[in-house]
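The following exercises concern a predicted model. Each task is followed by a solution in steps.

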Amino acid sequence: MTFRLSLPALSKFALCLYKQRRHFSPVIGKVAHIVDMKLNSIQDIRILSVLMISISDVISQSFRDRLLQKAGQLLEEKDEVHFNYAKRILQFLQNVKLRYHPLLEKCNKIFLKSASRLDIHSISLIFGLYEQLGFDNAEFRLVAKQLLSETIDDYYDPETFAKLFFTLGPMAGSRVRERLLVTAVRMAEEFSSHQVLVILKTMQKMKCRNSHLLKKMASILHKHLDSYHVLQLVKLAQYLVVLRCHNLELFAKLKMLLFGFLKSSVIPADTAAIIRVLAMLPSFQVEEIIINKAAAVLPQCRLHHLNCIATAVVKWNHYDQLHWQNSSELCVKLLQKLNDCGFQRLQKANNLNLLLEELTHVNGEWFAEVLSEETMAMCQRLIDQITWANVLQLSFFLIKTNHRCPSLLDRIASVTVENIDKIHPFEIYFILFLFSAVNYDPPANEEFFESCIQHLISNLSCFETHHLVLLGHVLAVAGYFPPVLITRIFNVSFLSKLDAQLEVLPDTLKQRVRSRLMKLNRAVCLECPEFHIPWFHEPYCQRVFRNSSSRINPLRQYVHRMLIEILGGSHYARISVLTPYYYEIDFECILDENKKPLSYMAQNIPLDDVEGIHLRCDIKDEGRKALPPGAQRIALEFLDSKAFSKDSRHLKGEPALKKRHLEMLGYRVVQIPHFEWNSMVLSTKGEQLEYLRKHLYGVQ
């Protein structure tokens, strides 16, 4: 019968099946076959969007890609597309778990055009889908904020208010935020179990620890706990821990319910999630059955699940929460089995795409210490499977693990250059981020960076204002300053637009963008004076340093005493110095042309307070006192493990950039790596003194 239906009728029929949750029925398979046969003849985006979400669970990857291409083509051809069709495209992407930037951007443009027709239900749905797809758009946030702020008094019922709270809460100003919190407290008793979850999740995103609202939510949760399924309980426990809820009675009931689910659980992902969240709960006493349950499920676990269980076991062992007989022995055996299962899982890997998919959510100490090297070795064995379609995922993994693997980086660079037109500009940004961060030059370095930069410059419209700032900083660390990008960023109208959009971005992203803009401004002033860009971050830097709680650590104090001994007095060395353009350096001293130390007292420069950073009055370069002829400022920097890639002695991008800039400011930079200072060669104070003396005076 399905073969005789017209396309409009077929789409309605398929939607009925989908709404009945018959996602995997044979009939849906037949519908998918018909769509496959007739795809080229479908010219209506409404029909296509309905069919796409209806058959999303039964399609192959190649068929999925053809559907995406067709949807993109139809969205491009139509001048006016109803926002409901764009919503369905997002739902399809969410169903197939794919963040496909070209379609996401096209859908976002449709939502912006249709903004005046969007209600709270549509906006909330779009925000939810964006969140699940890992996509964000500041312009849409701004529009949504304005629309919802104007109608905030129109939402009286719990359902629409919960949606309003979820959407508006994280980007609201202080006054609107307070009104939302007050209303949430007043309406709390009316919230359904799902709405309580939404409110708590949003409070976590807002970093809101409003004690009154949190107590209210905790008090009404008791009546809802029995209605949650296992993964909802896991999420609920996470929210309450992060929000620092202190309701011990609620946590006791949560533990009991989670423990019950754990006993009956047969799904490895659920078992791992329960064990991970049990380890987060306060004062949790581990029972032997949990260790036995974990051991039983290990052979079926993916790497992410093994990581969850390992994190929990290590924490329990560390905090001595295992109290039965032979608990330590059982714990050691379980950790050994975890390690073995992890190695076996890796050694069986023969498909790079599947391996990268497993590695997406893996992080933490257990993975870094136990499986990191084996994982890198496996990625190198599968190096021929690196394609333009998976370079982004591989780049993400290398960024996350801080690895500098030349063979993988060279392959990523060559695949990127060969397929530059197939890779979305936003993905190119992350690939460049990797090379910039680990400070690596592939064999054809100039060709690689120039190809990427040319592709990016041709597609700047794909980037939001704050993304352009992040891109500019990444390129600056690598030593590239494309004039088109720099002049676009350091423009009054651009910076005004950036200020407006920053108001609706999450706090961590907002702080990162402001910091990167300052660093980019500094880099342009120092390295590209021909652009005539002024240094306008003086007030920002002063504010940041005044609000910082930097203190002189014991190592600095110890080394400072050594420098005093080497140089001949406390007036020859300064500690925690701020340079022009606000670089902080560990120690500064001045040597004359004969390598004799110059006194800061003679230079009329005040010495620093040992308790904290001294904000210099000569912070601008032109305000510094000129040195005698032949004299030289020395910047002595201690580099900890964060300055280097994992298992490498190669300096990362940011510390290398700092060295470059300090040299431009007239310093001779002496960098002391942690692996030299902490080595057996420098095990005595005398050896350390000699080491510092040689580096200070430039003796090889």
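**Exercise 1. Helix packing**

Determine how helix α11 and helix α12 are arranged relative to each other, and identify the residues that meet between them.

Solution.
- Step 1. The axes of helix α11 (residues 193-206) and helix α12 (residues 211-221) come within 11 Å and cross at roughly 150°.
- Step 2. Angles over 145 degrees count as roughly antiparallel, and α11 and α12 are therefore roughly antiparallel to each other.
- Step 3. The crossing in which α11 passes α12 is left-handed.
- Step 4. From α11, Val-196, Ile-199, Leu-200 and Met-203 take part in the contact; from α12, their counterparts are Leu-213, Leu-214, Met-217, Ile-220 and Leu-221.

**Exercise 2. The four-stranded sheet**

State the strand order of the open sheet, and explain why β1 and β4 each have one side without a neighbour in the sheet.

Solution.
- Step 1. The four strands follow the order β1-β2-β3-β4, and their pairing is mixed.
- Step 2. β1 (573-578) and β4 (667-673) stand at the edges with a single partner strand each, so one side of each has no neighbour in the sheet.
- Step 3. From one strand to the next, the twist averages 30°.
- Step 4. β3 (residues 632-639) and β4 run parallel and are joined by seven bridges. Leu-639 has Pro-673 in β4 as its bridge partner.
- Step 5. Helix α30 (residues 554-567) packs on the sheet and touches β1, β2 (584-591) and β3; its direction makes about 0° with that of β2.
- Step 6. Helix α31 (residues 653-664) also packs on the sheet, where it touches β2, β3 and β4; its direction makes about 155° with that of β4.

**Exercise 3. Cysteines**

Establish how many disulfides the model contains, taking a sulfur-sulfur cut-off of 2.5 Å.

Solution.
- Step 1. The count comes to zero disulfides.
- Step 2. For Cys-107, the nearest cysteine sulfur is that of Cys-462, 15 Å away. Cys-107 is buried, with a relative accessible area of 0%.
- Step 3. For Cys-341, the closest cysteine sulfur belongs to Cys-301 at 7.8 Å, which is too far for a bond. Cys-341 counts as buried, at 10% relative accessibility.

**Exercise 4. The setting of a threonine**

Decide whether Thr-160 is buried or exposed, and name the residues that Thr-160 touches, not counting those up to four places away in sequence.

Solution.
- Step 1. Thr-160 lies in helix α9 (residues 158-168).
- Step 2. Buried means under 20% relative accessible area; at 8% relative accessibility, Thr-160 therefore counts as buried.
- Step 3. With that sequence limit, Thr-160 touches Ile-120, His-121 and Tyr-155.

Terms used: Residues numbered from 1 in each chain as written. Predicted model: local features only at pLDDT ≥ 70, side-chain atom pairs only at ≥ 80, totals over all residues. Heavy atoms only, no water. Pairing = 2+ DSSP bridges. Helix = DSSP H or I, 4+ residues; strand = E, 2+ residues; numbered from the N terminus. Axes fitted to C-alpha atoms, helices over the stretch in contact; angles between N-to-C directions. Contact = heavy atoms within 4.5 Å. Buried < 20%, exposed > 50% of the residue type's maximum accessible area, 1.4 Å probe, protein only. Parallel < 35°, antiparallel > 145°, perpendicular 65-115°, else oblique. Left-handed = near helix turned anticlockwise from the far one by under 90°.
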